[in-house]
Amino acid sequence: MKIYVDADACPTVIKDILYRAAERKQLELILIANQPLRVPPSRFISARTVSSGFDVADDEIVRLLEAGDLVITADIPLAAEIIEKGGQVLSPRGELFTKENIRGRLNIRDFMDTMRASGVQSGGPPPLNQRDRMQFANHLDRILARA
(Lines give C-alpha, C1' and ligand atoms only; values in the text may rest on other atoms or scores of the structure.)
Protein backbone atom coordinates (compact mmCIF):
# COMPACT_ATOMS: atom_id res chain seq x y z
CA MET A 1 0.00 0.00 0.00
CA LYS A 2 1.09 3.53 -0.83
CA ILE A 3 -0.33 6.72 0.64
CA TYR A 4 -1.02 9.65 -1.67
CA VAL A 5 -1.80 13.13 -0.37
CA ASP A 6 -3.72 15.79 -2.26
CA ALA A 7 -1.27 18.16 -0.63
CA ASP A 8 -2.21 21.65 -1.81
CA ALA A 9 -4.97 22.01 0.80
CA CYS A 10 -3.86 19.43 3.36
CA PRO A 11 -3.24 21.02 6.77
CA THR A 12 0.33 20.90 8.08
CA VAL A 13 -0.72 19.10 11.26
CA ILE A 14 -2.20 16.27 9.15
CA LYS A 15 0.95 16.07 7.04
CA ASP A 16 2.97 15.75 10.26
CA ILE A 17 0.81 12.81 11.38
CA LEU A 18 1.34 11.20 7.98
CA TYR A 19 5.12 11.72 8.09
CA ARG A 20 5.31 9.91 11.43
CA ALA A 21 3.04 7.10 10.23
CA ALA A 22 5.06 6.57 7.03
CA GLU A 23 8.27 6.25 9.03
CA ARG A 24 6.72 4.01 11.68
CA LYS A 25 5.07 1.65 9.15
CA GLN A 26 7.78 2.07 6.50
CA LEU A 27 5.19 2.89 3.84
CA GLU A 28 5.67 5.08 0.82
CA LEU A 29 4.04 8.50 1.28
CA ILE A 30 3.75 10.69 -1.82
CA LEU A 31 2.55 14.28 -1.56
CA ILE A 32 1.27 15.74 -4.82
CA ALA A 33 0.85 19.49 -5.22
CA ASN A 34 0.85 22.33 -7.72
CA GLN A 35 3.70 24.01 -5.89
CA PRO A 36 7.00 22.73 -4.48
CA LEU A 37 6.72 21.24 -0.97
CA ARG A 38 9.33 20.69 1.69
CA VAL A 39 9.17 17.26 3.24
CA PRO A 40 11.35 15.64 5.89
CA PRO A 41 14.34 13.70 4.61
CA SER A 42 13.21 10.09 4.42
CA ARG A 43 13.42 7.18 2.04
CA PHE A 44 9.66 6.72 2.54
CA ILE A 45 8.47 10.32 1.95
CA SER A 46 8.51 12.21 -1.34
CA ALA A 47 6.81 15.20 -2.93
CA ARG A 48 5.85 15.61 -6.56
CA THR A 49 5.09 18.94 -8.14
CA VAL A 50 2.67 18.97 -11.04
CA SER A 51 1.87 21.88 -13.31
CA SER A 52 -0.81 24.25 -12.13
CA GLY A 53 -4.23 23.88 -13.62
CA PHE A 54 -7.67 22.58 -12.84
CA ASP A 55 -7.51 19.02 -11.44
CA VAL A 56 -3.89 18.40 -12.55
CA ALA A 57 -2.88 17.10 -9.11
CA ASP A 58 -6.08 15.04 -8.89
CA ASP A 59 -5.43 13.49 -12.29
CA GLU A 60 -1.88 12.57 -11.26
CA ILE A 61 -3.13 10.85 -8.10
CA VAL A 62 -5.69 8.85 -10.09
CA ARG A 63 -3.02 7.92 -12.64
CA LEU A 64 -0.61 6.63 -9.99
CA LEU A 65 -3.16 4.90 -7.77
CA GLU A 66 -3.38 1.14 -7.50
CA ALA A 67 -6.19 -0.78 -5.83
CA GLY A 68 -5.76 -0.77 -2.06
CA ASP A 69 -3.73 2.46 -1.93
CA LEU A 70 -4.84 5.21 0.45
CA VAL A 71 -5.51 8.79 -0.61
CA ILE A 72 -5.82 11.73 1.78
CA THR A 73 -8.11 14.39 0.31
CA ALA A 74 -11.12 16.55 1.07
CA ASP A 75 -11.99 16.69 -2.64
CA ILE A 76 -15.28 14.78 -2.98
CA PRO A 77 -15.16 14.20 -6.78
CA LEU A 78 -11.57 12.95 -6.44
CA ALA A 79 -12.65 10.67 -3.58
CA ALA A 80 -15.36 9.19 -5.83
CA GLU A 81 -12.79 8.45 -8.56
CA ILE A 82 -10.43 6.84 -6.05
CA ILE A 83 -13.16 4.60 -4.64
CA GLU A 84 -14.22 3.61 -8.16
CA LYS A 85 -10.61 2.60 -8.88
CA GLY A 86 -10.41 0.45 -5.73
CA GLY A 87 -8.56 2.86 -3.46
CA GLN A 88 -9.31 4.00 0.07
CA VAL A 89 -10.02 7.64 0.91
CA LEU A 90 -9.65 9.51 4.19
CA SER A 91 -10.32 13.23 4.56
CA PRO A 92 -8.00 15.44 6.64
CA ARG A 93 -10.91 15.74 9.10
CA GLY A 94 -10.93 11.99 9.61
CA GLU A 95 -13.98 11.16 7.50
CA LEU A 96 -13.63 7.83 5.75
CA PHE A 97 -15.23 7.95 2.32
CA THR A 98 -16.70 4.63 1.18
CA LYS A 99 -18.86 3.17 -1.58
CA GLU A 100 -21.76 3.50 0.84
CA ASN A 101 -21.40 7.21 1.62
CA ILE A 102 -19.70 8.83 -1.39
CA ARG A 103 -22.85 9.25 -3.51
CA GLY A 104 -24.56 11.20 -0.70
CA ARG A 105 -21.45 13.34 -0.22
CA LEU A 106 -21.40 14.13 -3.96
CA ASN A 107 -25.07 15.15 -3.83
CA ILE A 108 -24.45 17.50 -0.88
CA ARG A 109 -21.40 18.99 -2.61
CA ASP A 110 -23.36 19.60 -5.83
CA PHE A 111 -26.22 21.17 -3.87
CA MET A 112 -23.84 23.53 -2.05
CA ASP A 113 -22.19 24.47 -5.38
CA THR A 114 -25.62 25.34 -6.77
CA MET A 115 -26.41 27.44 -3.69
CA ARG A 116 -23.11 29.33 -3.93
CA ALA A 117 -23.65 29.91 -7.66
CA SER A 118 -27.01 31.49 -6.87
CA GLY A 119 -25.37 33.92 -4.44
CA VAL A 120 -25.96 32.19 -1.11
CA GLN A 121 -22.96 32.68 1.17
CA SER A 122 -22.36 29.42 3.01
CA GLY A 123 -18.95 30.16 4.48
CA GLY A 124 -16.21 27.58 4.50
CA PRO A 125 -15.63 24.65 6.76
CA PRO A 126 -14.74 25.38 10.37
CA PRO A 127 -11.06 25.31 11.35
CA LEU A 128 -9.54 21.90 11.98
CA ASN A 129 -9.88 21.12 15.69
CA GLN A 130 -8.38 18.60 18.10
CA ARG A 131 -11.30 16.20 17.64
CA ASP A 132 -10.77 16.24 13.85
CA ARG A 133 -7.06 15.48 14.31
CA MET A 134 -7.83 12.62 16.68
CA GLN A 135 -10.45 11.19 14.34
CA PHE A 136 -7.97 11.37 11.44
CA ALA A 137 -5.20 9.68 13.43
CA ASN A 138 -7.54 6.93 14.67
CA HIS A 139 -8.88 6.12 11.18
CA LEU A 140 -5.36 6.19 9.77
CA ASP A 141 -4.14 3.77 12.46
CA ARG A 142 -6.99 1.36 11.69
CA ILE A 143 -6.30 1.47 7.96
CA LEU A 144 -2.58 0.94 8.45
CA ALA A 145 -3.16 -1.92 10.90
CA ARG A 146 -5.12 -3.76 8.20
CA ALA A 147 -2.41 -3.14 5.58
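Trainee: How much area does the chain expose, and what share do carbon and sulfur atoms supply?
Mentor: This is a predicted model, where local features need pLDDT of at least 70, side-chain atom pairs count only at pLDDT 80 or more, and totals for chains, interfaces and linings use all residues. Residues are numbered from 1 along each chain as its sequence is written, and side-chain values use heavy atoms, without hydrogens and water. Accessible areas come from the Shrake-Rupley method with a 1.4 Å probe. The chain exposes about 8,400 Å², and the carbon and sulfur share is 52%.

Trainee: What radius of gyration does the chain have?
Mentor: The radius is taken over C-alpha atoms, and the globule rule is 2.2 Å times the number of residues to the power 0.38. For 147 residues, a compact globule would be near 15 Å. The chain agrees with that, at 15 Å.

Trainee: Is Ile61 buried or exposed?
Mentor: Buried means under 20% relative accessible area, exposed over 50%, and partly exposed in between (1.4 Å probe, protein chains only). Ile61 has 0% relative accessibility, so Ile61 counts as buried.

Trainee: Which residues does Ile61 touch, not counting those up to four places away in sequence?
Mentor: Contact means heavy atoms within 4.5 Å. Ile61 sits in helix α2, residues 56-64; helices are DSSP runs of H or I, at least four residues, numbered from the N terminus. Its partners are Tyr4, Val5, Asp6, Ile32, Val71, Leu78 and Ile82.

Trainee: What distance separates the C-alpha atoms of Ile61 and Leu128?
Mentor: Along the chain, Ile61 and Leu128 are 67 residues apart. Their C-alpha atoms are separated by 24 Å.

Conventions
Helices (H or I, at least four residues) and strands (E, at least two) are DSSP runs, numbered from the N terminus.
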